[in-house]
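Reader: I would like to go through some of the labels used for this model and ask what each one rests on.

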Amino acid sequence: MRYGCLLIGVLLATVVLPLSLQASPLPAVPAVQSSIATQATMLDAAWAGERLVAVGDHGIVLLSDDHGKSFRQASSVPLSTPLTGVSFVDASHGWAVGHWGAILVTADGGESWQIQRLSSEEDRPLFAVHFFNTQQGVAVGLWALVLITEDGGLTWKEQHLQAPPGSKKADLNLMGLFADRQGQLYATAERGLVLRSNDQGRSWKYLSTGYEGTLWSGAVLADGSLLLGGQRGTLLQGSAEGKDFRRLPTQSKGSVTSVVVSGTKVLAVGLDGLMLVSNDAGHSFAESQSVEGLSLTAALLSPEGSPVLFSRRGVVAEHQ
């Protein structure tokens, strides 16, 4: 996402960023409790054990203890800025990231949160976060920003990222993070590139998909291959080594914002209500559209295999 150009990812959810990274120092204003919190734009979601935790605009965090049938707002969130990514390693310990380089931590399953990092004079947003365990984590964001921690987020270190092939500097926006069972971490990025790290974010290798647009989301399929979602209905599948990527056929031109995998079931969702479901580990997909064509921004699969969907207008009612 570049300022002055079409803002990708976060702006799909009607979040307006400043035109300059430099701004007045940000006061840490807590999120407001709202009777219509479930209607706020939600940008990411994760499982915290059996609990579902979703994050979004205005610092709103939603919790569900019945696999997405009903939601309530978290009681204590110290920031009211947009939260764009969330990661849990167990039922208690989780982290959320967002604008102003914010990183929040919870030790009670998302009920209450504390600030670990806040760049109060520069809005360089973080778009995604992934923790391998309670100590090691990675967060990525605007203009090749990569942060790593080895102490549960008490300290964060910015990692220098080498320039991608054909470029003089590393300035790609890193949009999403996902990992395989062996701990290899992937970051989706602009220019059809995916970055892979085998050492918890300390170093990265660029993988080219042959696609030239922005990749927003991705996941690892049961056979170890990658499934990547991008602009205008782009869904790519290829090897974890970055070879043999092919574009899967889709009718919709809605950009793919979220890809999730649970066993052999795969779900990809996107703008204009795009929904792609596979019951055979990604070998084939059935395409449909959500009610009213709502732009879908995040998704999870429940333990029963049912989709739990989030949109620009909050929790999607048909799956509550």
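Author: A strand here is a DSSP run of E with at least two residues, numbered from the N terminus. The model is predicted. In it, Ser119 sits in the loop between β8 (114–117) and β9 (126–131).

Reader: Why is Ser119 called partly exposed?

Author: Partly exposed covers the range between the buried limit, under 20%, and the exposed limit, over 50%. Ser119 has a relative accessibility of 22%, so Ser119 counts as partly exposed.

Reader: Why is Thr297 called buried?

Author: Buried means under 20% relative accessible area. Thr297 has 5%, and therefore counts as buried. Thr297 belongs to strand β25, residues 296–301.

Reader: What makes the approach of the Thr297 side chain to Met42 a polar contact?

Author: The cut-off for a pair of N or O atoms is within 3.5 Å. The Thr297 side chain reaches the backbone oxygen of Met42 at 2.4 Å.

Reader: How do you know that β11 and β12 pair?

Author: Pairing needs at least two bridges found by DSSP. Strand β11 (residues 145–149) is joined to β12 by two bridges, and the strands run antiparallel. Leu147 has Glu158 in β12 as its bridge partner.

Reader: Which strands stand at the edges of the sheet, and why is one side of each left without a neighbour?

Author: The sheet is open, with four strands in the order β9-β10-β11-β12 and antiparallel pairing. At its edges are β9 and β12 (157–158); each has a single partner strand, so one side of each has no neighbour in the sheet.

Conventions: Residues numbered from 1 in each chain as written. Predicted model: local features only at pLDDT ≥ 70, side-chain atom pairs only at ≥ 80, totals over all residues. Heavy atoms only, no water. Buried < 20%, exposed > 50% of the residue type's maximum accessible area, 1.4 Å probe, protein only. Polar contact = N/O pair within 3.5 Å; in protein donor to acceptor, adjacent residues only side chain to side chain.
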